[in-house]
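Good morning, colleagues. I would like to take a few minutes on one model, beginning with its annotated sites and ending with a pair of helices.

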Amino acid sequence: MGPLTGTIRVPGDKSISHRALMFGALAVGRTTISGLLEGHDVLATADALRAMGAKIERHSEGEWTVSGVGVGGLLQPKTALDMGNSGTSTRLLMGLVASHGITAAFTGDASLSGRPMGRVIEPLSRMGTSFEASPGGTLPLMMTGSLPAVPITYRLPVASAQVKSAILLAGLNTPGITTVIEPVPTRDHSERMLKGFGADLWVEETDGERVIHIRGEADLSPQNITVPGDPSSAAFFIVAALLVEGSDLTIENVGMNDTRAGLVSVLQLMGGNIELLNEREVGGEPVADLRVRHSQLRGIEVDSAIAPSMIDEFPVLFVAAALAKGTTITNGLEELRVKESDRLTAMAQALTLAGANVTETEDGLIIQGTNGKPLAGTTGEPVTTHLDHRIAMSMAVAGLVSSAGIEVDDTRPIATSFPIFEALLEQSTNA
Ligand code: S3P
C-alpha cells in the first residue's frame, strides 16, 4: 500500500452517538441526529432503548430520529438487553434503569462478560437499585431500579466517564441533587449534552476536583444534534499517516474536546507533524480538520496525567512508539487491562509477534523503537485480537509499516466502532 494522501472523514463519535440516542429517548418529543455512528455498539444502545419504549428510526446514512418517552417513562423490557461488545451501552443504560421502576437483564459477548460492572453496581446500589450479577460483578446481570431513587454524592474511585455518566443518568429521575466528584477529569460529553437538552446540571471546581451536580426529576427537551467525527477513530489514520513515508493526509471534522485530544498532543511531542486547521464548534463540541504529514517520531516518557484524555488511543500510540527513534515509556495505565481486552498484554504480545521490542510492566509498556525501520511482520501465526476492535485496527496500522505485513486473527470486531475502517484505509492509500 502507498502513502496516505487526500482528504477523508471518519464516522461519528461513538461516545456522543450513544448519548444522543439515550438523551433523545428521555426527552419528550422528536430529537434529530445527524452523523450518528452506525457501529454495532451504538446499534445495541438503539435496540435497548427501543425495547424500553423509545421510537428510534433511521432515515438515511447517519440521519436518525428519536421520539422519547420522557424522564421516568422507560418501560419494562420484555426480553434481556443484548449489549454485544459495548461497555458504554451497558454501564450508561444501567444508570438509566437504576431510577426507573423496572427490571432489566443485561447480557453481552465473551469480552463484555469478563468486564467489571462492580464500579457501577456499587454507586447505583447506594441509590437504591438492586442487582443480581454473575460472580465477580459481571454480566449477565439482572437489576431492578428504584422509584424513587436516593440522591448520592459519589467520589469516583477510578477515572471513568462511564461510571460518572451512569450516576448522572440515574440522577435525572432522582428527586433532589445527585453529585459526582471527579478527582481526575474524564470525557465530559454527558455534561455538555445534558445541559443542551435542558437538564439542570452545573460543574464546580473544588480543590482541583471537578464536582458535577444534577437536579433530578428533570424535563429534557428534544434537540437537533450533529455528531462530530470520532477522534478515537481518526487516531488510526493519524498514526498511519505519520508512519508511512510520503503521507500527507487531511482528516476533516475531528472532535477535539480537551478531554479526548491527548493523543494529538503526545504525537506532537514525539515530533509528529499534525496541524489543526479550521478550528470550530459542531454540536457544542470543539472540532478541527487535521493535516498529518509523515514524520520521524522520537520516543518519550508519556505523562500518565494525560491518560484519561487518550485512554482508547494507547494501542495505536504503542504502534507509533514501535517505529519511533529511542524508547517510549508509559505507566499508570492499569485501566487498559479492563477494556474490551487487556490492552497492555494484548498489544505487548501482538507487537512482539510482529517483531517490535516491547517490555510489559504492571501498569504500562516500555517500547524500544526501530527508528523508522519497518517491523518484520507476521509470517506464521496471526496476532490475536481478543474480540477487541482497537487491537485489530492498531495492528492493521502496524501492518502498513512492516516488511511481511501483519495477519490479524479476526477483523470482525472492527464493526463495533468503525465499520468503514478497511474501505477508508484502502481509499486513503490509493488517493
Ligand atoms: C467511554 C469512556 C471510556 C472509554 C470508552 C467510552 C464513554 O471508558 O474507554 O471507550 O463513552 O464514556 P471508561 O469510562 O471505562 O474509562
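**Annotated sites and a helix pair**

UniProt, in an unreviewed entry, places the feature "binding site" at K14, G87, R115, Q162, R343 and R390; such annotations may be inferred rather than shown by experiment, and feature names are shortened. This is a predicted model, in which local features need pLDDT of at least 70 and side-chain atom pairs count only at pLDDT 80 or more, while totals for chains, interfaces and linings use all residues. Residues are numbered from 1 along each chain as its sequence is written, and side-chain values use heavy atoms, with hydrogens and water left out.

From the set just named, K14, G87, R115, Q162 and R390 belong to the lining of the largest pocket. A pocket here is an open set of points on a 1 Å grid over the protein atoms alone, where a 1.4 Å probe fits, with protein on both sides within 12 Å along at least five of seven lines; lining residues have an atom within 4 Å of a point.

G87 lies in helix 3, residues 87-98, and K14 in helix 1, residues 14-26. Helices are DSSP runs of H or I, at least four residues, numbered from the N terminus.

Now to the helix pair. The axes of helix 9 (residues 314-323) and helix 11 (residues 389-400) come within 8 Å and cross at roughly 20°, the axes being lines fitted to C-alpha atoms over the stretch in contact, with angles from 0 to 180 degrees between N-to-C directions. Helix 9 is therefore roughly parallel to helix 11, a term for angles under 35 degrees. In helix 9, P315, V316 and V319 meet R390, S394, V397 and A398 of helix 11, with contact meaning heavy atoms within 4.5 Å.

Definitions and conventions
Helix = DSSP H or I, 4+ residues; strand = E, 2+ residues; numbered from the N terminus. Parallel < 35°, antiparallel > 145°, perpendicular 65-115°, else oblique.
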